[in-house]
Amino acid sequence: MTNFFTILEIPISLSPDPERIESSWREKAKESGEADLHEARAVLTDPVRRLDHWLALQNVEPERGSSIDPEMMDLFSRLHSVLAEADQIIGGLKEASTALTRALLSKEAIAAQLAIQECMKTVREEKDLRIERYSSFEESAETGKFDGAVATLGQLKFLQKWEQQCQERLLTLLEY
Amino acid sequence: MEDEFIIGIDLGTTNSLVGVVDSGFPILLADENGERITPSVVSYREEADPLVGREAYRAKRLAPERTVSSVKRLLGRPFSDLTPEELNTLSYPVTNDGRDHIQIPVGKSEPVTPVDVSSEILRHLKQVAEAALECEVARAVITVPAYFNNAQREATKAAAQKAGLRVERIINEPTAAALAYGLDKIDDDQTVAVYDLGGGTFDLSILQMRDGVFEVISTAGDTQLGGDDIDQAVAGELAKTWELEDLSPSESVNLHTAAKEAKESLTAADSHTVRLPFLRDGRSFEHTFSRAEFEALILPVIERTRPICRRALAEAEGKEVKKIDHFILVGGSTRIPLVRDKIEEWFGYEPNLSQHPDEAIALGAAIQAGILCGRVRSIVLVDVTPLSLGIETFGGLMNVIIPRNSTIPAKAGEMFTNAVANQESIAIRVLQGERELAKDNWLLGEVIVPFENGPKGSARVGVQFAIDRDGILEVLARDTVTGKDHILEIRDAAVDVDDSEVENMVSESIEYAFEDMNERVWTEAKLKSEELLPAVDTALQMVGDQLDEKEMSQIKSAADEVRGLLSRGEKDAAVLKQANAALDDATQSLAALLVEAAFSDMTPG
């Protein structure tokens, strides 16, 4: 198993110093064209991928088919309706072939954008909340306990997916 | 190893170039006639090797159906991907081989594939390089549009191998252009956007250059958008003006060549006269384009680049890149003044024209080749994958595994298990694209993951999806017992359909392509009228009171005109289209009022 921490010669940690990652990567990338270096940097600078990698290094298997945390269910249903609404507007915009018919949809399009941005903000807050728990995972790891980290990773993956979905809709709305 | 050259190749839609790094500087290599630019045209002959480049370009008028140009637009695409319009604009025939692969029947011999044609161009470039360098060349860096998908990249690589070249790296065209731009600014700290509008493809990439590192932040594009579409718009207009229908291949070639000349001439001149003597039945044709007329014709094509730019810029902004220091233009089509004006108008950036539109990409390819063989001091290049990679899950949805704009190389793992006892394997459909539904994305192929016998849920196979530095996918499965990875074959997912079915598909598409043009244009125009008229009524109700009398009467008379044409039974498509355009035009200010009203309604204060 590739250890991205070793590749960049930084200590294994769930919250490594970003500047150290950057400077170490830069120095090494200039010396060699090793493909793993870029990936190491990309993984270690992304909190979700970092947790995933850290767990893999501890030989902990990720949860399979995890379900949405009950505390995130409200967000999920809100997101679902906001995205469905946006898709409908995007569909209308795609069909509209004139500036006037698109303009008639602009009020709804702006409303959809604002709603998505609002949702995305909550998604990011939820993500940050979970990333803040990282230091507690390291403590539990010392006693061989990983269930908190594993469960959080499952939830973070959901949140990340939602963030991507929001982002995609926003970008598409922006095209009109 | 120092002595062994790696060449850099820009395999373009219209033109191709080859270069190397010599004494620390990238240079382009010329053929025996001193030409650095090779037209990407191959003309097949009976009982002789095909002509490539300038000679082939000249042969195009004489043997249009055996001369293949713009093959890059077909490379790596399934036949079913081609639209009737696209088929219609090609001057040579293409067919389906029965497995959804594109074939080009050129004369009596075996039909050729887009990979074959591309390999002829690459073989020619290899020979140009060998003659210029006076040594054998076996290794190359080849550029591709950033927005090329996996299949298009694979096809490019296959073409090179066929031409006897080992591909050391595939690099993205805008990234190559940025290398050419930044070679002498290695230690500067700046953010650049590269707007690359070539003969057939468009990309916009945003890069950060800092302390010897070139990092792509975001990229977006369209692999079917470029100078060819501009020529098509002009050629279409000529055919319309001269009332020429059912163009023969040679008429089509003549019109396109004339359109291309008009485009090039109007880059500097204010007007251009197209003359085509004895084009049909001994008749000659003439038409003068003013610059304004030309620009109105091609504006819709240029407009298509705008949402793509907005997407890439917004995504860079999401990654905390707020300011672009230089907006660099490359690709032959950026010579058109309208392109430069529009960029400034849309985004407020003064275009940076420091790079040679035709040569920057090839120079960048040469620099990358130079880095790989140690002829250039090390520059760290970090690129991204343009499209999200995913697999199809329950309900036909796409599950993203590696999101677009991820740094490459990238890997992501998924675990698979047997759903029933003693299931032998599972077929995973691998997709590329941004759409929610699997069927709306490109299907890269199918991977069969084998399981060991056992009760339900007992088998476990970890599958790694890896995108390498060339942006090409590899799928590995880990054997749980030995812990060893092995490569899974990505099978062409195109199913074998029987021949009669294919014939049907082909004849249908041809029928569709040649169906009565007036009928089709009329139906399209009628749809547009039916969309516009109720919209005008609604909009007038909402913000009509803010219009002055003149605007109001203009809109009303334009709308009445359209209504009148619809109720009369004449079905004159061109007239209705014109009336629609007039109404569309008359309602621009109305549309602006609506957007303005929406903004002030939705934003507080």
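**Entry 1: contacts and burial in chain A.** I looked up the contacts of chain A between residues at least 6 apart in sequence, and found that 76% of them join residues at least 24 apart. I note that this is a predicted model. I then turned to burial: of the 176 residues of chain A, 48% count as buried.

**Entry 2: secondary structure of chain A.** I recorded nine helices and zero strands for chain A. Reading along the sequence, I wrote down the pattern α-α-α-α-α-α-α-α-α.

**Entry 3: dimensions of chain A.** I looked up the radius of gyration of chain A, which is 20 Å, whereas a compact globule of 176 residues would have one near 16 Å. The C-alpha trace of chain A spans about 60 × 45 × 25 Å along its principal axes.

**Entry 4: surface and charge of chain A.** I noted an exposed area of about 8700 Å² for chain A, with 50% of it supplied by carbon and sulfur atoms. I also looked up the charged side chains: chain A has 21 positive and 32 negative ones, and the centres of the two sets lie 3 Å apart.

**Entry 5: an open sheet in chain B.** I moved to chain B and found an open sheet of six strands in the order 18-17-12-13-14-19, with mixed pairing. Strand 18 (351-352) and strand 19 (380-382) of chain B stand at the edges; each has a single partner strand, so one side of each is left without a neighbour in the sheet. I looked up how strand 18 of chain B is joined to strand 17 (residues 326-330) of chain B: the two run parallel and are linked by two bridges. Within this pair, I found Phe327(B) opposite Pro351(B) of strand 18. As a general reminder, I wrote that strands of a sheet pair through backbone hydrogen bonds, either parallel or antiparallel.

**Entry 6: strand 5 of chain B.** Why is strand 5 (residues 41-45) of chain B largely enclosed by the rest of the structure? I found that four of its five residues are buried, which accounts for the enclosure. Strand 5 of chain B runs antiparallel to strand 7 (residues 67-69) of chain B, and three bridges join them. In that pair Val41(B) stands opposite Ser69(B) of strand 7. Strand 5 of chain B is also joined by three bridges to strand 6 (residues 48-52) of chain B, again in antiparallel fashion. There I identified Leu51(B), in strand 6, as the bridge partner of Ser43(B).

**Entry 7: the hairpin.** I examined the hairpin of strand 5 and strand 6 of chain B, which has two residues between the strands. Glu47(B) in this hairpin takes a positive phi near 55°.

Terms used
Residues are numbered from 1 along each chain as its sequence is written. Chains are lettered from A and ligands numbered from 1 in the order in which they are written. This is a predicted model: local features need pLDDT of at least 70, side-chain atom pairs count only at pLDDT 80 or more; totals for chains, interfaces and linings use all residues. Side-chain values use heavy atoms; hydrogens and water are left out. The radius of gyration is taken over C-alpha atoms; the globule rule is 2.2 Å times the number of residues to the power 0.38. Buried means under 20% relative accessible area, exposed over 50%, partly exposed in between (1.4 Å probe, protein chains only). Contact means heavy atoms within 4.5 Å. Accessible areas come from the Shrake-Rupley method with a 1.4 Å probe; for residues, only the protein chains shown count as cover. Lys and Arg count as positive and Asp and Glu as negative; His and the chain ends are not counted. The place of a charge is taken as NZ of Lys, CZ of Arg, CG of Asp or CD of Glu. Two strands pair if DSSP finds at least two bridges between them.
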